[in-house]
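Trainee: Please take me through the interior of this structure, slowly and in detail.

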Amino acid sequence: MLRAIWRFGFRLLYEECAFTYDIVSRAVSLGSWRSWQRSAIQFLPAPDAGPVLELAHGTGDLQIDLQKAGYHAIGLDLSRNMGRLAMRKLNRHRLRPALLQGEAARLPFESASIAALVCSFPTAFIFDPLTLSEIKRVLKGDGSAAIVLHGLLTGKGVIEKLITGLYRFSGQAYGAINEEDLCALFRASGLVVEACTLPMEGSLVQIVLLRKVSAEVKAECKQRLDLAREA
């Protein structure tokens, strides 16, 4: 029953109550949400590599980050309400929106047309074999995807303990996920899978990388992950 209520709450958050998404996400992360989102950018290729597609763009914050970093950013989200919110936010920043409404399992792009894909805190759609197949199809031969899956507060204060308790009350685990387990969720994609856990101030974030790569690029990916862990 509790999990059913929790799922209903998530549906409201993405649809009828999408306007509260920014407030809620910042509150439950004690302000770390945006840093967690931005952590994916370091794993993207240079802006001149080609278009970067963001799946589930939400209210558009990462679209703003990508455009300001010089990327040709495109966003796709199933929620019409999220699309409207993101459009307004990008317009306020005087940026040109390139947003589409659609499903990740049916991406409206030609094969091998996307240089990189990014997604932050997706729902279960990201594990759908159809979604993974579409990601593999649209990525260029040397393309990659950076998926921010999990953020975790590591502080020991009262508020952090309260947030942890709320997650556990809802039936959700709250803790770092083993990197091998993270990789296992994506191995059916047929892509090269890497996972890393990055420490941040008062928190950590866990990222999964998917790549269509040669052995040389795979070695480069591992080197970048090792450097990120040491930073």
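Mentor: What follows starts with one strand, moves to the core around it, and ends with a group of charged residues.

The model is predicted, so local features are used only at pLDDT of at least 70 and side-chain atom pairs only at pLDDT 80 or more, while totals for chains, interfaces and linings use all residues. Residues are numbered from 1 along each chain as its sequence is written, and side-chain values use heavy atoms, with hydrogens and water left out.

Start with β5, residues 139-153. Helices (H or I, at least four residues) and strands (E, at least two) are DSSP runs, numbered from the N terminus. Of the 15 residues of β5, 12 are buried, so the rest of the structure largely encloses this strand. Buried means under 20% relative accessible area, exposed over 50%, and partly exposed in between, with a 1.4 Å probe and protein chains only.

β5 has partners in β4 and β7. Strands count as paired if DSSP finds at least two bridges between them. With β4 the sense is parallel, over 6 bridges, and alanine 116 stands opposite serine 144 of β5. With β7 the sense is antiparallel, over 9 bridges; there alanine 146 faces leucine 209 of β7. β4, α6 and β5 also form a right-handed β-α-β unit. Right-handed means that, with the strands pointing away from the viewer, the path from the first strand over the helix to the second runs clockwise.

Next comes the core. A nonpolar core is a set of buried Ala, Val, Leu, Ile, Met, Phe, Trp, Tyr and Cys residues joined through side-chain atoms within 4.5 Å. The largest one holds 26 residues, and Leu53, Leu55, Ile135, Phe186 and Leu210 have the most contacts inside it. Elements that each supply at least two of its residues include β1 (52-55), β4 (114-120), α6 (129-138) and β7 (203-211). β5 gives the largest share, 4 residues. Leucine 55 shows how such a residue is surrounded: beyond its neighbours within four places in sequence, its contacts (heavy atoms within 4.5 Å) include Leu76, Leu117, Phe125 and Ile135. Apart from this core lies another, of 24 residues, with Leu44, Phe121, Ile207 and Ala228 among them.

Charged residues are buried too. Side chains of opposite charge can pair when their charged atoms come close. A salt bridge here is a side-chain nitrogen of Lys or Arg within 4 Å of a carboxyl oxygen of Asp or Glu. The count by this rule is 7. One of them joins arginine 34 to aspartate 61, at 3.8 Å from N to O. Arginine 34 belongs to helix α3 (residues 33-38) and aspartate 61 to helix α4, so the bridge ties together parts 27 residues apart in sequence. Arginine 34 counts as buried because its relative accessibility is 12%, and aspartate 61 because its value is 9%.

Arginine 34 also bridges to aspartate 65, at 2.9 Å from N to O. Aspartate 65 is in helix α4 as well, so this pair ties together parts 31 residues apart. Aspartate 65 and arginine 34 are both buried. Aspartate 61 in turn bridges to lysine 89 at 3.0 Å, N to O. That link reaches from helix α4 to helix α5 (residues 80-92), 28 residues apart. Lysine 89 is buried at 9% relative accessible area. Through shared partners, salt bridges join Arg34, Arg38, Asp61, Asp65 and Lys89 into one network.
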